[in-house]
Amino acid sequence: MKLLLIEDEKDIAVFVKKGLESELFSVDVAHDGNEGERLARMNDYDALIVDYNLPFKNGIEICQSLRNLGKTYPIIMLTAEKEMKNKLDAFSSGVNDYVTKPFAIEELVARIRALLRNTPESTSIILKHKDLEVDLKNYIAKRSNKNLNLRKKELALLEYFLRNPGAILTRSMILEHVWDTNADPFTNTVDVHIRLLRNKINATGKEKMIDTIRGIGYRL
């Protein structure tokens, strides 16, 4: 799942990004309101985490602008502002949840997953397709009830396929949802990771689960 974090305090941004990436999320980071809104307009995110006070444009203005554009993904306001008026302003602007600093990364992760479970494409922490399943809470992938030894990026890649069974996913779509914006779009990193994932999930000798659609991408 791809997240955007808009946070001007760089130490906090590094802390949150590392914590979320350890939970299989792919995270882009912006350090001011203008850059954050630009990324939110350009890219397809599953959720946003936005600080209240930001340079150039604050979190309230960003949320209002994105909601006016028809963006419906969950937004969490992450802030030191604890006054009731600030909370009410945030919810009025389209924010779905409000987390005050200081906070535990475990709480933030729990709130993100709770919001994502309320979206149609994210109904469960356990995702299944035929005899293949992933437990996102415990980082366990299984096929025919046998554990698969997947690395975290392979788990994140498999999660994206399981959330889109039967859909043709282009390399650019996969790169956008599973890697952050620092990934080089001209490398073969997507193909390499899919080859490694495919080898592991097909090792039991069952039917092949990931098809290559020549010239386009891949399909589960």
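1. A word on terms before we start: two strands count as paired when DSSP finds at least two bridges between them. Keep in mind, too, that this is a predicted model. With that settled, have a look at the hairpin of S7 and S8, where four residues lie between the strands. Tyr139 sits in that turn and has a positive phi of about 55°.

2. The pairing behind this hairpin is antiparallel, and S7 and S8 share four bridges. One contact to pick out on your screen is Leu132, whose bridge partner in S8 is Arg143.

3. Moving along, S8 (residues 140-143) also pairs with S9, again in the antiparallel sense, over three bridges. Here Lys142 stands opposite Asn147 of S9. The hairpin of S8 and S9 has two residues between its strands, and Ser144 takes a positive phi near 50° there.

4. Now for the whole sheet, which is open and has four strands in the order S6-S7-S8-S9 with antiparallel pairing. S6 (126-129) and S9 (146-148) are the edge strands; each has a single partner, so one side of each is left without a neighbour in the sheet. On average, neighbouring strands are turned by 25° against each other, direction ignored.

5. A helix joins the picture as well: H6 (residues 152-162) packs on this sheet and touches S6, S7 (132-135) and S8. The direction of H6 makes about 120° with that of S7.

6. Which residues of S8 point to one face and are buried? They are Ala141 and Arg143, whereas Ile140 and Lys142 point to the other face and are not buried. This fits the general pattern, in which side chains of a regular strand alternate between the two faces of the sheet. It is worth colouring S8 by accessibility to see the alternation for yourself.

7. Finally, please turn to Ala40, which belongs to helix H2 (residues 33-42). Is Ala40 buried or exposed? Its relative accessible area is 0%, and buried means under 20%, so Ala40 is buried.

8. What does Ala40 touch, leaving aside residues up to four places away in sequence? Its contacts are Leu4, Tyr45, Leu48, Leu66, Lys71 and Tyr73. As for Leu5, this residue is 35 residues from Ala40 along the chain, and the two C-alpha atoms are separated by 9.8 Å.

Note on methods. Residues numbered from 1 in each chain as written. Predicted model: local features only at pLDDT ≥ 70, side-chain atom pairs only at ≥ 80, totals over all residues. Heavy atoms only, no water. Axes fitted to C-alpha atoms, helices over the stretch in contact; angles between N-to-C directions. Contact = heavy atoms within 4.5 Å. Buried < 20%, exposed > 50% of the residue type's maximum accessible area, 1.4 Å probe, protein only.
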